[in-house]
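User: I'm new to reading protein models and would like a close look at one part of this one. Could you walk me through it slowly?

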Amino acid sequence: MTIEIRNLSRQFGAFTALNNINLKVRPGELLALLGPSGSGKTTLLRVIAGLETADSGQVLFNQEDSTDKHIRDRHVGFVFQHYALFRNMTIFDNVAFGLRVRPGKQRPGNREIHQRVTELLQLVQLDWLADRYPHQLSGGQRQRIALARALAVEPGVLLLDEPFGALDAKVRKELRAWLRKLHDDMHMTSIFVTHDQEEALEVADRIVVMNRGCIEQIGTPDEVYEKPANPFVYEFLGHVNLFHGRVHQGHAWIGDLEVDAPEYPEAEDLNAIAYVRPHDIEVNRTLNGEPALAARIVHILAIGPIVRLELAGQDNQSADNIYAEISKARFRELRLAKGDQVFIKPRRLDLFPGDRHLALS
Amino acid sequence: MTAIPLSQTSPAPHKVVTQESPQVRRILILLALSFLSLFLLLPLVAVFFEALRKGWEVYFVAITEPDALAAIRLTLIAAAIAIPLNLLFGIAAAWTIAKFEFRGKSILTSLIDLPFSVSPVVAGLIYVLIFGLQGWAGPWLREHDLSVIFAVPGIVLATIFVTVPFIARELIPLMQAQGSEEEEAAIILGASGWQTLWYVTLPNIKWGLLYGTILCNARAMGEFGAVSVVSGHIRGLTNTLSLHVEILYNEYNFVAAFAVASLLALLALVTLALKTLVEAKVAQQASRGNHS
Amino acid sequence: MSNHKYHSGKHHSGKRHSVLPGFNLALGFTLLYLSLIVLIPLSAAFIHTAQLTWPEFWNTVTAPRVVASYRLTFGASLAAATVNAWFGLLVAWVLVRYPFPGKRLVDALIDLPFALPTSVAGITLTAIYAGNGWLGQYLEPLGIRVAFTPAGVFVALTFIGLPFVVRTVQPVLEDIEKELEEAAAMLGATRWQTFRYIIFPAVLPALTTGFALAFARAIGEYGSVIFIAGNIPMVSEITPLLIITKLEQYDYAGATAIAVVMLVISFILLLIINLLQWQVRRRSTKA
């Protein structure tokens, strides 16, 4: 099923939850709506589901306008953040609910319901819990039951609101991989909401980055991580270092460091910010004849294969401390210790002209 | 110092700084229990003692004479009509207030509590003003040979008035605590509104419903002031148990009055027992919604 | 983090556009029922009073016998609510803080005045405090007459108002964080200072609410009072009884005029109580 959203807006009093949203969801893809709290991602999901109505704009399922369609006729599967399992029913009855409430003719027989529910419980690997009640289950188990219940009515699209939000870190990781695999097996158009960039990058086919009711960028995990469209996306996805500098006629300066900036051939002595990912920072003991920035090691975190260095810049080009990630091998090679002076050079950076605050808003 | 009870909930070191000395504790407990004994226990004991002052035989005669039985019957009828109506009202009001946002919601919530702050006597009086001989509907009622005041319908109306808030005010906070997600889930899964109410909402609030009903019943069966105004005190016809107590007492038939009163006191004790049992279940239902 | 998100999400997803059905039906039924049972009958009292001219109304509600009944009703209610405020606080404190045998039973019994029909309470209290009664026989020789005097009214009103303060203060006391008191103790406060400056201010709004509820209930009370009061005009006659007396004399206008005064006072009290409860809620959400 395809979903298309056209010019969707939604206002809550003075608060703009959705501001002219346009989005196409491809059939069979797993799409993440990613953004901070209050960015409108949950509202967008609820409007798609029909739980919320928009002030203006359209929602189309398979090119058919469904904006005014009742929620019952949209055939969406919805997994609530807090699962919303029916606490007075067993797990079996929870999953069977959607089949049992169908009007007379469409309602499957008892044997069929039993078979279907058992299949679904097997799919989520929890058939042994059929007679339990929701409060007897762990968070991860409830999550999977909520999914099975949503799938029972054979929806055309699956919507998940912060599906792993209420779980602890370990269960969250396990379920992520499990959901990805389940989606690969079923290939149902799915949209999930998350505020966790790692989750979105790991699970989704495409990511929609949202902020203040607007879409900042749509792209594959690789695209949004490697080519952020703007400073907001840069800062929201992964760790990033920020340097203040200037651009002038196709070149940029950060302190003494000069880099090519072919995107800005016309720029005349503009303020600019450079974004550099920690793993794109090259660390050297000496200058090697090339321009670089001097920094002092403030802290070393050397757990696992990657070593994280916290550096204090000595040229005041960065207001905050700089974070660099190097391999353990490189770390041993350089024999770094706290307090040492090093020279750093970005392997890759992205420039955005203007001040940080301007760029972000 | 052997009097340290078993039911101490927090570990002993915790108690040291945030607890009074044993003497102070003992004095405060003694003071509280004396006050409660004087105002609660003594009257409770007195009812049963006075009722049985002349032995069981007199007691049974007093509660089985025809007028007493008629009073029991009328009390049951009034409660049997008032409770289901207030149940319907409670569910409708709680559904409106807990599941939707709308203008004037807080005013509506206060209006539901209104009967609690109206004197029972005034509650009876307003029905007299409408249905009494000189009331708005009085002439019309007389033309059609119907009577509300000094008859059973008036008693039922007065009973409903004083018990309107009981069930609604139990259900509203309970349903607010549970939220609407389960209902939304049911609707998404294709359930109709009535199916959602029947299969999801009502099972979730069943203990709250029961709790409200217990309180509503106690008040319905025991109401005195409002019913007294509209009853006319016709023995065997418009006398509820509560009114029957008054009549017997005013006739100086004290033992019979206390015998009938002891029935009502028994009802109160059963009410308290049930209430205590159900209370825990209601709290459970409200809290399970928050962390599941 | 996730908790915070949940709440902010809830806030934005205003339920005005709820997908749940039945709003019109439920609201319609609620309003119809309230109107038929409560609002229209109550308005009858005000409309009926409008038949009186203003001087007539004023003379009725300020007649000496009526004023005496106000004085008794309000005085006794105030005294009873005050006693209930202090003892209610004590009882709530003991029930929340101290373990003692039979505590659950005592806790359950607190609500007896809610559950016991008022006529039963009335005749029982009379039997206890009458001159030859359980306690009366010991009090009378000391020159203390309770039954058939204003003191009897006070006793009855104390009985029926007893649960209010306990039940409003109890949950607030349960919610006070132990850490607050521990912090106070570590900063050198005595137990009394901790109570005076930490605990008491925290329960004060609830205590005031309980007091107001007990007071409001006492003003309208009828059943438990009339047996023990003696009902002597100008001395021990409460306002609700005066309404009934006028009604029995077919003085509908007089009865209604007094009822309107009581209704207005009840509404004002209800408003105050709502404001107090709103304040209690606001405090508890801030904490």
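What follows is my request and one long answer. Please take Glu170(B): where does Glu170(B) sit, and which residues is it in contact with, leaving aside its neighbours within four places in sequence? Some surroundings would be welcome too.

Analyst: Sure, let's dig in. Keep in mind that this is a predicted model.

Start with the address. Glu170(B) belongs to helix H9 of chain B, which covers residues 165-178. Now for the curious bit: Glu170(B) is buried, yet it has no salt bridge. Who would be the candidate partner? The nearest side chain of opposite charge is that of Arg169(B), and it is 5.6 Å away. A salt bridge has to be within 4 Å, so that pair doesn't count as one.

What does Glu170(B) touch, then? If you skip its neighbours within four places in sequence, Glu170(B) is in contact with Gly208(B), Tyr211(B), Gly212(B) and Leu215(B).

Let's stay in chain B and look at two other helices. Helix H6 takes in residues 120-131 and helix H8 takes in residues 152-163; they pack at an angle of about 135°, with 10 Å between their axes. H6(B) and H8(B) are therefore oblique to each other. As for the handedness, H6(B) crosses H8(B) in a right-handed way. You can see who does the meeting: from H6(B) come Ala123(B), Ile126(B), Tyr127(B) and Phe131(B), and from H8(B) come Leu157(B), Ala158(B), Phe161(B) and Val162(B).

Now hop to another chain for a second glutamate. Glu162(A) lies in the loop that links strand E7 (157-161) to helix H5 (169-186) of chain A. Its phi is near 45°, a positive value in a residue other than glycine. Why point that out? Most residues other than glycine have a negative phi. Buried or exposed, where does Glu162(A) fall? Its relative accessibility is 3%, so Glu162(A) counts as buried.

Chain C offers a companion example. Met234(C) is in the loop between helix H12 (223-229) and helix H13 (239-248) of chain C, and its phi, near 75°, is positive in a residue other than glycine. Met234(C) has 48% relative accessibility, so it counts as partly exposed.

To finish, zoom out to chain A. Chain A has 10 helices and 20 strands, and its C-alpha trace spans about 80 × 45 × 35 Å along the principal axes. Of its 361 residues, 52% count as buried.

Definitions and conventions:
Residues are numbered from 1 along each chain as its sequence is written. Chains are lettered from A and ligands numbered from 1 in the order in which they are written. This is a predicted model: local features need pLDDT of at least 70, side-chain atom pairs count only at pLDDT 80 or more; totals for chains, interfaces and linings use all residues. Side-chain values use heavy atoms; hydrogens and water are left out. Buried means under 20% relative accessible area, exposed over 50%, partly exposed in between (1.4 Å probe, protein chains only). Lys and Arg count as positive and Asp and Glu as negative; His and the chain ends are not counted. Contact means heavy atoms within 4.5 Å. Axes are lines fitted to C-alpha atoms, for helices over the stretch in contact, and angles run from 0 to 180 degrees between N-to-C directions. Angles under 35 degrees count as roughly parallel, over 145 as roughly antiparallel, 65 to 115 as roughly perpendicular and the rest as oblique. A crossing is left-handed if the near helix is turned anticlockwise from the far one by less than a right angle, and right-handed if clockwise.
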